[in-house]
Amino acid sequence: MPSLQESARWLGLVFVVGCTAGGGSGDDPPADGGQALDGGADMAAAAPGCAPEGYERGACCEHPAGGGAVCTAAGCTLPDQEPEFDLLCLALCDEQCALGEGQVGPCCLLDGGGTGICAGAECLGPAGPQASRVCAAIAALPEGVGCGRRQMGVPLDGPCVRDRECDLDLRCVDDGFTDTAYCAPGCGAADAVCPQFFECYQGLCIRAGRLGQICAMPSECQSTLCIRVEDDGQYCSQPCSDDVPCPGDYACDGAAGVCLRGM
């Protein structure tokens, strides 16, 4: 599936042209650049909005996996499904288009090619307005219903059981090394960077710099304690004392005041 950014480049989203007066007949067929619409525009106009689990209410759209999908910045979205590209969602949630000087609005496709902006129920281009199913659907949306957004969920590094519990753009990661799964971002994109104390592994950011994990220098550990133990290699530790014991299978080396594994 093309990303919204790729789709935006394909549609030629942001452009500036001179606008001339012109008129479109209300009897003209919807244009939308001759692109086939999947019915999402009709659904959005007919429904008071959709709110699948974990999402704020927004415009409804058609998803191949079933009903109840909502337009988000990622596309037509259902929980636990890949978002689908949708012209209505693109117009509602992506960058706005510019026409002439100071005219900005949701992007729409013009009959014969090119991009305009939604002006009411019509797509406004340099030659005037044209009928548009996408713009008509946007104009018909109930007040307060637009681009749906992911509700706040479990934050980065917090415990989880499934993806939908995590905050925006986070996944529920089971790295096989920790006792519980936790929320963290993906890192599949070429320019993706994992947060501090996470590292990219098979497209997901997994925990790094935690107690017992391999390190090369103090800055790689959350505790800033990177220790070297004879016959046990170099790993992240954490301070301990009689009042602050070590967790799990770790024991406190009272002389050094650090947690050691296997004691």
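In what order do the three strands of the open sheet with antiparallel pairing stand? The order is E1-E2-E3. The model on screen is a predicted one, and the tour that follows begins at this sheet.

**First stop: the three-stranded sheet**

Select residues 60-63, which form strand E1, and residues 75-77, which form strand E3. These two strands stand at the edges of the sheet, and each has a single partner strand, so one side of each is left without a neighbour in the sheet. From one strand to the next, the twist averages 50 degrees.

Add residues 66-72, strand E2, to the selection. E1 and E2 run antiparallel and are joined by three bridges. To see where the two strands face each other, display Cys61, which stands opposite Ala69 in E2. As a general point for viewing side chains here, in a regular strand they alternate between the two faces of the sheet.

**Second stop: the disulfides**

Next, display the cysteine side chains. How many disulfides does the structure hold? There are 15 disulfides in the structure. A disulfide is a covalent bond between the sulfur atoms of two cysteines. Three of these links are visited below.

Select Cys160 and Cys172, which are joined by a disulfide with an S to S distance of 2.1 Å. This link is right-handed, with 105 degrees about the S-S bond. Cys160 lies in the loop between helix H4 (133-140) and strand E10 (170-173), while Cys172 lies in strand E10, so the pair ties together parts that are 12 residues apart in sequence. Both Cys160 and Cys172 are buried.

Move on to Cys166 and Cys183, whose disulfide has an S to S distance of 2.0 Å. The loop between H4 and E10 holds Cys166, and strand E11 (residues 182-185) holds Cys183, so this disulfide ties together parts that are 17 residues apart in sequence. Is the link of Cys166 and Cys183 left-handed or right-handed? The torsion about its S-S bond is about -80 degrees, so the disulfide is left-handed. Cys166 counts as buried because its relative accessibility is 0%. Cys183 is likewise buried, with a relative accessible area of 0%.

Now select Cys215 and Cys226, which form a disulfide with their sulfur atoms 2.0 Å apart. The link of Cys215 and Cys226 is right-handed, with 100 degrees about the S-S bond. Cys215 lies in the loop between strand E13 (204-207) and strand E14 (226-229), and Cys226 lies in strand E14, so the pair ties together parts that are 11 residues apart in sequence. Cys215 is buried, as is Cys226.

**Third stop: the hairpin of E14 and E15**

Keep strand E14 in view and add strand E15, residues 233-236. The two strands pair in the antiparallel sense over four bridges. Val229 stands opposite Gly233 in E15. E14 and E15 form a hairpin with three residues between them. Within the turn, select Asp231, which has a positive phi of about 70 degrees.

**Last stop: the second largest pocket**

Which residues line the second largest pocket? Select Phe177, Thr178, Asp179 and Thr180, then Arg207, Arg210, Leu211 and Gln213, and finally Pro247, Gly248, Asp249 and Tyr250. The space in this pocket is about 390 Å³. Colouring the lining by class shows four nonpolar, four polar and four charged residues.

Key
Residues are numbered from 1 along each chain as its sequence is written. This is a predicted model: local features need pLDDT of at least 70, side-chain atom pairs count only at pLDDT 80 or more; totals for chains, interfaces and linings use all residues. Side-chain values use heavy atoms; hydrogens and water are left out. A disulfide is a pair of cysteine sulfur atoms within 2.5 Å. Buried means under 20% relative accessible area, exposed over 50%, partly exposed in between (1.4 Å probe, protein chains only). Two strands pair if DSSP finds at least two bridges between them. Axes are lines fitted to C-alpha atoms, for helices over the stretch in contact, and angles run from 0 to 180 degrees between N-to-C directions. On a 1 Å grid over the protein atoms alone, a cavity is a set of points where a 1.4 Å probe fits but cannot get out, and a pocket is an open set with protein on both sides within 12 Å along at least five of seven lines; lining residues have an atom within 4 Å of a point. Grid points are joined across faces, edges and corners, and a volume is the space filled by probe spheres set on the points. Ala, Val, Leu, Ile, Met, Phe, Trp, Tyr, Cys and Pro count as nonpolar, Asp, Glu, Lys and Arg as charged, and the others, Gly among them, as polar.
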